[in-house]
Amino acid sequence: MSMPKLTYFNLTGLGEPIRLMLAYGNIKYEDCRLTKEEWASMKPGLEWPHLPMLEIEGKTLFQSMAICRYLARQLNLNGRSNWAETQIDMTVDALSDFRSKVASYYYLPDGEEREKKKETVLTEVLPLYLDRFEKQVASNKGYLVIGKLTYADIIFLSFIEYISYMLDKAVLEKHPKLKEHHQRLKSLPGIETWLKTRPPNPDDA
């Protein structure tokens, strides 16, 4: 069977949670990073005109969170009951909302509106989400949900990195449980190696 192939851009973004999960699972894969020109050429021929795209086990998967759920089932990073799965899904959806709210400021053009939006993110959005995630970690044995490592934790690791980058700020300083959780995730086998050796992501800028 051919090696899995992840197609995305030369940035972290929505591809990085998948890369982290593949690293955690010690799954060797082709990390295909497209230029804008290559993407424009490829896009019309795809079933869905979106990236990331994962080709694995003879299947082609789209949508980053769907890909993460697929890998979670392979790597025992999912729940074992309908209720456990639902709790994970709620947390992942909240993380996606969190990232989107921060990104809504980051991608605005420079100017007064962008600065006002950033202030709202710093004073309202960060506390709204981080306070709740802090409580979740405190009540789930050091993890976000169901008392064990799940793909929600790995998505958190990726999104917090990107949110900190977008805000140019270490966002966990006032949340000690989350900070400890973040450091523990960075030390997981496979993930620690990936974080130390991954290629640069110049398109994040």
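**View 1. Glutamate 55 pairs with threonine 60 across the β3-β4 hairpin.** In this predicted model, threonine 60 of β4 is the bridge partner of glutamate 55. Four bridges hold the pairing of β3 with β4, and its sense is antiparallel. Two residues lie between the strands of this hairpin. Glutamate 57 takes a positive phi there, near 55°. Most residues other than glycine have a negative phi.

**View 2. Strand β1 meets strand β3 in antiparallel fashion.** Three bridges join β1 (residues 5-9) to β3 (residues 53-56). Lysine 5 stands opposite glutamate 55 of β3. Leucine 6 faces leucine 54 of β3 as its opposite residue. Glutamate 55 thus appears in two pairings: opposite lysine 5, and with threonine 60 of β4 as bridge partner.

**View 3. Four strands form an open sheet with mixed pairing.** The strand order is β2-β1-β3-β4. At the edges are β2 (30-34) and β4 (59-62), each pairing on one side only. Direction ignored, neighbouring strands are turned by 20° against each other on average. Strands of a sheet pair through backbone hydrogen bonds, either parallel or antiparallel. Here β1 runs parallel to β2 but antiparallel to β3.

**View 4. A right-handed β-α-β crossover links β1 to β2 through α1.** The two strands run parallel and are joined by five bridges. Phenylalanine 9 has leucine 34 of β2 as its bridge partner. From β1 the chain passes through α1 and on to β2. Helix α1 lies across both β1 and β2. Its direction is at about 150° to β1.

**View 5. Helices α1 and α3 pack side by side through a mainly nonpolar contact.** The axes of α1 (residues 16-24) and α3 (residues 64-75) come within 10 Å. They cross at roughly 10°. Angles under 35 degrees count as roughly parallel, so α1 is roughly parallel to α3. From α1, the contact uses Pro17, Ile18, Met21, Leu22 and Tyr24. From α3, it uses Ser64, Ile67, Cys68, Leu71, Ala72 and Leu75. By class, 10 of these residues are nonpolar, one is polar and none is charged.

**View 6. Helix α5 passes α7 in a left-handed crossing.** The axes of α5 (residues 112-139) and α7 (residues 176-186) are 8 Å apart. The packing angle is about 70°. The two helices are therefore roughly perpendicular to each other. On the α5 side, the contact is made by Leu130, Phe133, Glu134, Val137 and Ala138. On the α7 side, Pro176, Lys177, Leu178 and His181 take part. The contact divides into six nonpolar, one polar and two charged residues.

**View 7. A cis peptide bond precedes proline 52.** The bond runs from leucine 51 to proline 52, with omega near 10°. Most peptide bonds are trans. Proline 52 sits in the loop between α2 (36-42) and β3.

**View 8. Lysine 141 has a positive phi.** The value is about 60°, although lysine 141 is not a glycine. Where is lysine 141 found? Its place is the loop between α5 and α6 (151-167).

Definitions and conventions: Residues are numbered from 1 along each chain as its sequence is written. This is a predicted model: local features need pLDDT of at least 70, side-chain atom pairs count only at pLDDT 80 or more; totals for chains, interfaces and linings use all residues. Side-chain values use heavy atoms; hydrogens and water are left out. Axes are lines fitted to C-alpha atoms, for helices over the stretch in contact, and angles run from 0 to 180 degrees between N-to-C directions. Angles under 35 degrees count as roughly parallel, over 145 as roughly antiparallel, 65 to 115 as roughly perpendicular and the rest as oblique. Contact means heavy atoms within 4.5 Å. Ala, Val, Leu, Ile, Met, Phe, Trp, Tyr, Cys and Pro count as nonpolar, Asp, Glu, Lys and Arg as charged, and the others, Gly among them, as polar. Two strands pair if DSSP finds at least two bridges between them. A crossover is right-handed if, with the strands pointing away from the viewer, the path from the first strand over the helix to the second runs clockwise. A crossing is left-handed if the near helix is turned anticlockwise from the far one by less than a right angle, and right-handed if clockwise.
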